[in-house]
Amino acid sequence: MTEPIAGWIWGRNLHPFLRLLSHYAGYNFDDTDWETIEAGVQETDDEAPDGWYSYPLVGTSVTLSVALAQAACGEEVSVSVTGAETLDLRLRTDTLLSAFASI
């Protein structure tokens with residue numbers, strides 16, 4: 001098992017980040033997924049070990065587990081993705097994190 005890919009993105013970018021990540025996993029991310037995640041992230045805290053929310057993206061090619069937590073004092077969302085075993089998927093995930101932290 002490979003190391004998780006972790007970073008942060010702006011909270012406003014969480015939805016498009018998850019849509020693209022799901023696409024790369026072969027998972028059909030829909031409004032129900034978004035509503036569930038949006039509710040689950042509300043009470044999270046990235047500084048608390050048990051303050052994270054996890055959601056599986058079970059795709060046709062891979063299953064990713066995405067752990068999310070809001071920053072205690074900011075608009076950032078910390079993200080940790082496990083299950084990205086291939087170099088291609090690891091690179092795409094890392095690129096998404098970098099892109100959605102910068103826009």
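Student: Why is Trp8 called partly exposed?

Tutor: Trp8 has a relative accessible area of 36%, and buried means under 20%, exposed over 50% and partly exposed in between, with a 1.4 Å probe and protein chains only, so Trp8 is partly exposed. This is a predicted model, in which local features need pLDDT of at least 70 and side-chain atom pairs count only at pLDDT 80 or more, while totals for chains, interfaces and linings use all residues. Residues are numbered from 1 along each chain as its sequence is written, and side-chain values use heavy atoms, with hydrogens and water left out.

Student: Why is Trp10 also called partly exposed?

Tutor: The relative accessible area of Trp10 is 22%, which lies between the two cut-offs, so Trp10 is partly exposed.

Student: What makes the pair of Trp8 and Trp10 edge-to-face?

Tutor: Rings of Phe, Tyr and Trp (its six-membered ring) pair if their centres lie within 6.5 Å, and planes under 30 degrees apart count as stacked, over 60 as edge-to-face and the rest as tilted. By this rule the count comes to 3 aromatic pairs. In one of them, the ring centres of Trp8 and Trp10 are 5.0 Å apart and the planes stand at 85°, so the pair is edge-to-face.

Student: How do you know that the length of H1 agrees with the expected span?

Tutor: Helices (H or I, at least four residues) and strands (E, at least two) are DSSP runs, numbered from the N terminus, and the expected span of a helix is 1.5 Å times one less than its number of residues. For the 12 residues of H1 this gives 16 Å, and the end C-alpha atoms are 16 Å apart, so the two values agree.

Student: What makes the buried residues of H1 line one face?

Tutor: Leu14, Phe17, Leu18, Leu21, Ser22 and Ala25 are the buried residues in H1. Seen down the helix axis, these residues fall within an arc of 130°, taken from the directions from the axis to the C-beta atoms, so they line one face. They pack against E1, H2, E2, E3, E4 and H3, where contact means heavy atoms within 4.5 Å.

Student: How do you know that E4 is paired with E1 and with E3?

Tutor: Two strands pair if DSSP finds at least two bridges between them. E1 (residues 5–10) is joined to E4 by 6 bridges in the antiparallel sense, with Gly7 opposite Val79, and E3 (residues 63–70) is also antiparallel to E4, over 6 bridges, so both pairs satisfy the rule.

Student: What makes E4 mostly covered?

Tutor: In strand E4 (residues 76–82), 5 of the 7 residues are buried.
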